[in-house]
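Colleague: I should like to learn how to read a structural model step by step. May we begin with the turns and then proceed to the strands, the charges and the surface?

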Amino acid sequence: MEIKIGIQNVGREIVLESTQDADAVATLVAEAISAQTELRLQDEKGRQVIIPAKVIGYVELGAQEARRVGFGAL
């Protein structure tokens with residue numbers, strides 16, 4: 001699933017691919033914002049992204065897709 005995070009006063013957004021489901025990410029975002037701590041997410045390759053909750057402008061969660069297998073486009 002693709003996750004886009006907008007940061008206040010920054011023109012670019014953070015984009016990462018995650019294996020977590022949308023509900024789990026939404027829960028993590030809500031907890032981080034309510035507690036004013038950092039938001040910690042992990043991407044597909046195991047890298048961690050840490051963002052202070054007070055600078056989060058928005059979080060956009062993409063639709064989950066099943067992995068496509070094969071070489072041809074259908």
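Modeller: Certainly; please bear in mind that this is a predicted model. We may start at a hairpin: strand 1 and strand 2 are joined in one, with five residues between them, and Asn9 in the turn has a positive phi of about 60 degrees.

Colleague: What is notable about the phi of Asn9?

Modeller: The general idea is that most residues other than glycine have a negative phi. Asn9 is not a glycine, yet its phi is positive, at about 60 degrees. Asn9 belongs to the loop between strand 1 and strand 2. Its relative accessible area is 83%, and Asn9 is therefore exposed.

Colleague: Which residue in the loop between helix 1 and strand 3 should I examine in the light of that idea?

Modeller: Please look at Gln36, which lies in that loop. Gln36 is a residue other than glycine, and its phi is positive, near 55 degrees. With a relative accessible area of 49%, Gln36 is partly exposed, because the exposed class begins only over 50%.

Colleague: What is the order of helices and strands along the protein chain?

Modeller: The chain has one helix and five strands. Read along the sequence, they follow the pattern β-β-α-β-β-β.

Colleague: How many bridges join strand 1 to strand 2, and in which sense do the two strands run?

Modeller: There are five bridges between strand 1 (residues 2-7) and strand 2 (residues 13-17), and the two run antiparallel. To find the register, take Lys4, which stands opposite Val15 in strand 2. Strand 1 also pairs with strand 5 (residues 56-61), again in the antiparallel sense and over five bridges. There, Ile7 has Ile56 as its bridge partner.

Colleague: Which residue in the turn between strand 3 and strand 4 has a positive phi?

Modeller: That residue is Gly46, with a positive phi of about 90 degrees; strand 3 and strand 4 form a hairpin with five residues between them. Strand 3 (residues 38-42) and strand 4 (residues 48-52) run antiparallel and are joined by five bridges. Two positions show the register: Leu39 stands opposite Ile51, and Arg40 stands opposite Ile50.

Colleague: Where do the side chains of strand 3 point?

Modeller: The general idea is that in a regular strand the side chains alternate between the two faces of the sheet. In strand 3, Leu39 and Leu41 point to one face and are buried, while Glu38, Arg40 and Gln42 point to the other face and are not buried. For the chain as a whole, 22% of its 74 residues count as buried.

Colleague: How should I read charged side chains, and how many salt bridges are counted here?

Modeller: In general, side chains of opposite charge can pair when their charged atoms come close. Here the count comes to two salt bridges. One joins the side chains of Arg40 and Glu38, at 3.2 Å from N to O. Arg40 has a relative accessible area of 44% and is therefore partly exposed. Glu38, at 37% relative accessibility, also counts as partly exposed.

Colleague: Which residue forms a salt bridge with Arg47, and is that partner buried or exposed?

Modeller: The partner is Asp43, and the closest N and O atoms are 2.9 Å apart. Asp43 has a relative accessible area of 10%, so Asp43 is buried; the limit for that class is under 20%.

Colleague: Which residues form the negative surface patch?

Modeller: The patch is formed by Glu2, Glu13, Glu17 and Glu60. Entry to such a patch requires over 30% relative accessible area and no salt bridge. Glu2, which lies in strand 1, has 32% relative accessibility and so counts as partly exposed.

Colleague: How far apart are Thr19 and Glu2 in sequence and in space?

Modeller: Thr19 and Glu2 are 17 residues apart in sequence, and their C-alpha atoms are 9.0 Å apart in space. Thr19 is found in the loop between strand 2 and helix 1 (22-35). At 63% relative accessibility, Thr19 counts as exposed.

How values were computed. Residues numbered from 1 in each chain as written. Predicted model: local features only at pLDDT ≥ 70, side-chain atom pairs only at ≥ 80, totals over all residues. Heavy atoms only, no water. Patch = residues over 30% accessible without salt bridge, like charges linked within 9 Å, V, L, I, M, F, W, Y side chains within 5 Å. Areas by Shrake-Rupley, 256 points an atom, 1.4 Å probe, with all protein chains shown as cover. Salt bridge = Lys/Arg side-chain N within 4 Å of Asp/Glu carboxyl O. Lys, Arg positive; Asp, Glu negative; His and termini not counted. Charge placed at Lys NZ, Arg CZ, Asp CG, Glu CD. Helix = DSSP H or I, 4+ residues; strand = E, 2+ residues; numbered from the N terminus. Buried < 20%, exposed > 50% of the residue type's maximum accessible area, 1.4 Å probe, protein only. Pairing = 2+ DSSP bridges.
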